[in-house]
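Dear colleague,

Please find below the sequence and structure that I am handing over to you. A summary of what was found follows directly after them.

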Amino acid sequence: MYEQLAKSIGEKVALTTEEFELCKTFFIPKKIRKKQTLLLEGDVCTYNAFIEKGVLRSYTIDEKGNEHIVQFAFEGWWITDLSSFLTGANSTYTIEAIEDSELLLLTSSAREELMVQLPAFERYQRLLLQNAYIALQARVNSALNLTGEEKYLRLTTSYPDIIARVPQHMMASYLGLTPETISRIRKQITLRK
């Protein structure tokens with residue numbers, strides 16, 4: 001169950017077999033079913049979740065009842081409400097499985113201890129945060145400067161399997177578009193081919 005984690009860490013830092021075996025002891029394996037929540041808005045986020053298998057989403061609901069998806073997480077990705085996880089404040093997001101999923105959960109205290117015992121894991125975490133910040137800046141730039149079609153094409157080009165794994169209305173929410181707009185964009189793309 002730790003194949004994706006080994007791959008993710010190995011892409012950023014080198015761990016010996018013994019170090020990775022130690023690393024594994026800090027994680028809590030958990031399986032969740034489709035539509036099951038890992039975190040509810042308003043609760044304190046106690047886990048940083050690594051996805052071994054499946055897809056999760058992080059979202060918030062505004063005062064009008066509209067859902068706004070801020071993140072999808074696939075195999076090899078992490079998902080959490082970072083602010084809540086690091087500060088103990090109430091979460092502003094709900095995290096839910098889109099597919100039956102297998103997770104590796106890391107508590108804040110386990111994360112801190114793991115970084116003390118394995119400095120390479122601290123470097124791995126720093127690189128993840130650095131890359132997440134870069135991705136966040138790209139997402140903000142995309143939201144401000146791209147058309148709906150350009151956003152859709154960028155998302156589906158970057159993550160080709162998203163179309164098969166994520167419902168259209170969720171993709172629309174993530175892109176800040178309506179499901180009808182996504183349908184229109186798909187039709188226009190198909191007609192041009």
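The model is a predicted one. I begin with the lining of the largest pocket, to which helix 1, strand 5, strand 6, helix 3 (82-87), helix 5 (119-145), helix 6 (148-158) and helix 8 (168-175) each contribute at least two residues. Helix 5 provides the largest share of that lining, with 13 residues. The space in this pocket comes to about 1600 Å³. Its lining comprises 43 residues, and those closest to the centre are Q71, W77, A132, A135 and L136. By character, the lining residues consist of 22 nonpolar, twelve polar and nine charged.

Two sheets should be described next. In general, the strands of a sheet pair through backbone hydrogen bonds, in either a parallel or an antiparallel manner.

One open sheet is built from four strands in the order 2-7-4-5, with antiparallel pairing. Its edges are strand 2 (37-39) and strand 5, each of which pairs on one side only. From one strand to the next, the twist averages 30°. Helix 8 packs on this sheet, where it touches strand 4 and strand 5, and its direction makes about 100° with that of strand 5. Within the sheet, strand 2 is joined to strand 7 (residues 94-97) by two bridges, and these two strands run antiparallel. T37 has E96, in strand 7, as its bridge partner. Strand 4 (residues 56-61) and strand 5 (residues 67-73) are likewise antiparallel, and six bridges join them. One of the pairs here is T60 with H68, the latter in strand 5. Five residues lie between strand 4 and strand 5, which together form a hairpin; in its turn, G65 has a positive phi of about 90°.

The other open sheet also has four strands, arranged in the order 1-8-3-6 and paired in the antiparallel sense. Strand 1 (28-32) and strand 6 (78-79) are its edge strands, each pairing on one side only. Strand 6 is paired with strand 3 (residues 47-53) through two bridges, in antiparallel fashion. There, F50 has W78 of strand 6 as its bridge partner. Helix 1 (residues 3-10) lies across strand 3, strand 6 and strand 8 (101-107), and runs at about 110° to strand 3.

To connect these points, strand 5 and strand 6 both supply residues to the pocket lining; strand 5 is an edge of the sheet ordered 2-7-4-5, and strand 6 is an edge of the sheet ordered 1-8-3-6.

With kind regards

Key: Residues are numbered from 1 along each chain as its sequence is written. This is a predicted model: local features need pLDDT of at least 70, side-chain atom pairs count only at pLDDT 80 or more; totals for chains, interfaces and linings use all residues. Side-chain values use heavy atoms; hydrogens and water are left out. Two strands pair if DSSP finds at least two bridges between them. Contact means heavy atoms within 4.5 Å. Axes are lines fitted to C-alpha atoms, for helices over the stretch in contact, and angles run from 0 to 180 degrees between N-to-C directions. On a 1 Å grid over the protein atoms alone, a cavity is a set of points where a 1.4 Å probe fits but cannot get out, and a pocket is an open set with protein on both sides within 12 Å along at least five of seven lines; lining residues have an atom within 4 Å of a point. Grid points are joined across faces, edges and corners, and a volume is the space filled by probe spheres set on the points. Ala, Val, Leu, Ile, Met, Phe, Trp, Tyr, Cys and Pro count as nonpolar, Asp, Glu, Lys and Arg as charged, and the others, Gly among them, as polar.
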